[in-house]
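This report concerns the contact between two chains of a predicted model and the strands that take part in it.

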There are 4 protein chains.
Amino acid sequence: MKYLTSTLEIPIRFSETDAMGVVWHGNYLKFFEDAREHFGKIYGLDNLKIHDKGFFIPIVHSEINHKASLHYGEIAVVHSKLIYKESAKIIFEFEVINKSTEQIAATGSTTQVYLDAETRLLELTKPEFIIEWENKQNWNDEK
Amino acid sequence: MKYLTSTLEIPIRFSETDAMGVVWHGNYLKFFEDAREHFGKIYGLDNLKIHDKGFFIPIVHSEINHKASLHYGEIAVVHSKLIYKESAKIIFEFEVINKSTEQIAATGSTTQVYLDAETRLLELTKPEFIIEWENKQNWNDEK
Amino acid sequence: MKYLTSTLEIPIRFSETDAMGVVWHGNYLKFFEDAREHFGKIYGLDNLKIHDKGFFIPIVHSEINHKASLHYGEIAVVHSKLIYKESAKIIFEFEVINKSTEQIAATGSTTQVYLDAETRLLELTKPEFIIEWENKQNWNDEK
Amino acid sequence: MKYLTSTLEIPIRFSETDAMGVVWHGNYLKFFEDAREHFGKIYGLDNLKIHDKGFFIPIVHSEINHKASLHYGEIAVVHSKLIYKESAKIIFEFEVINKSTEQIAATGSTTQVYLDAETRLLELTKPEFIIEWENKQNWNDEK
């Protein structure tokens, strides 16, 4: 498995908590989005660049496993891992750590596909500029 | 003062509460939006129709006064009042009642203006179709 | 497989859309929450009753598959299916239909567990009042 | 007028935009909350400390004036100003600048009061620890 990683710290917002006193479960998808965004900035491939090239990359699948709660005042450390794929899919895996307890709060993943921004039709192969970008990266390799 | 009114019941969503166990204050702007939407449906002047006519109606001012809390499981009753204006402004006043306690949870208002959807420039006078719509309404009058 | 079903219509809120002009993907977890809530009301087993009995039922897993977009002005029809389980888990499956196009917008599922509200420890067996509730339901059966 | 200031940069999240392609107006209340939070950290008086002292500080009034839009990919620079008050009120004024255009996107304010965390009753005078904190600050003075 070839992959690239990045890490983002996200302080919990008060507005993200719910009446159980913890981060509302759906907000982890915001953390994942922030983490992808951050990954894009680090590796020079953000959403806006992808839009400029004529593509949308909507989420087609997302998944969260909750292990422990996060509270207001705590910091979520989100580790993102982009998994290299031959097919025209963008798959990220995430691990959210509670910085103070060092416990895993959640794991999860998202899958994105390429749509032509004009026709909104699915791209069956990776766009050329993506392949170029992939070739320039220094992928980790795990056997 | 000439005005039109409508009333909408909104059950509180769990995701709308915060760690204090009450509706997070910013969510009242969603209630106001839902209430405007509902008003539009009742009076035949919703956002989509306005967009079709070539206008955007962004919020330029909003204001909330909080009087009491709303909790998960309760129902917010939102009374909306569209105030008739000579100028090209859409002003709504809102009163949010906690259905179970009959207490006022909040009052507030929003102001919208007309933008040309193409140029995004401010309209200084009311669009023609708005004046026609206004003429057809049966306004309440308060002295 | 034994199951119970319910259906909820959710008009899309403007605040739920994103800059691609469609419902932001994370908001489907709000739809799922609303749908569980609605299910609870229909079958007499809502979150507040469960809290009163001394239990929290946090989400431990959630999953969404996106098939098509939902837009402002459209109505999401959410079909919920509670799957009967021997173990102390609450598993819902969801199907979100775009009412105007009759297309599937998304499918998904959530898994909840029982926590003791005091100790916040996991319950390994179903609470007694849940078993009583289950026995009173008229389950659909599919072979 | 005596006041203290702080400044926070907030990159716009994709999930914060709406179908008009701009930040949904209600999200500015999240920016204000983040800005108050940041102010609290800088001046050593955050919400959690206030809770520990036995007080809640709910928002009783909030107000936003929108001047220009913010888009995904842009950075909001939020200038916060805590206004010194003799009465038991916490008043913040905000200015949100679009970092790339240097335009004012919005101005606004929030008012908070002190509630006893146990009784949830309004405090008519400032808590002692707040007066001590105020005395230690190096207030700006404007005539």
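I64(A) has S62(C) as its bridge partner in β3(C), and H61(A) is bridged to N65(C) of the β3(C) strand. β3 of chain A (residues 59-66) and β3(C) pair in the antiparallel sense over 5 bridges; two strands pair if DSSP finds at least two bridges between them. Strands are DSSP runs of E with at least two residues, helices are runs of H or I with at least four, and both are numbered from the N terminus. β3(A) is also joined to β6 of chain A (residues 104-113), in the antiparallel sense, by 7 bridges.

| Residue of β3(A) | Bridge partner | Strand of the partner |
|---|---|---|
| H61(A) | N65(C) | β3(C) |
| I64(A) | S62(C) | β3(C) |
| H66(A) | A106(A) | β6(A) |

Because 6 of its 8 residues are buried, β3(A) is largely enclosed by the rest of the structure. A residue is buried if 20 or more other C-beta atoms, placed from the backbone, lie within 10 Å of its own.

The contact takes 15 residues from chain C and 15 residues from chain A, where contact requires C-beta atoms, placed from the backbone, to lie within 7 Å. On the side of chain C that touches chain A, α1 (28-42) and β3 (59-66) of chain C are the elements that give two or more residues. The most come from β3(C), with 8 residues. This side of chain C divides into 7 nonpolar, 6 polar and 2 charged residues. Nonpolar denotes Ala, Val, Leu, Ile, Met, Phe, Trp, Tyr, Cys and Pro, charged denotes Asp, Glu, Lys and Arg, and polar denotes the others, Gly among them.

Residues are numbered from 1 along each chain as its sequence is written, and chains are lettered from A in the order in which they are written. In this predicted model, local features need pLDDT of at least 70 and side-chain atom pairs count only at pLDDT 80 or more, while totals for chains, interfaces and linings use all residues.

Terms used: Contact = placed C-beta atoms within 7 Å. Buried ≥ 20, exposed ≤ 12 C-beta atoms within 10 Å, placed from the backbone.
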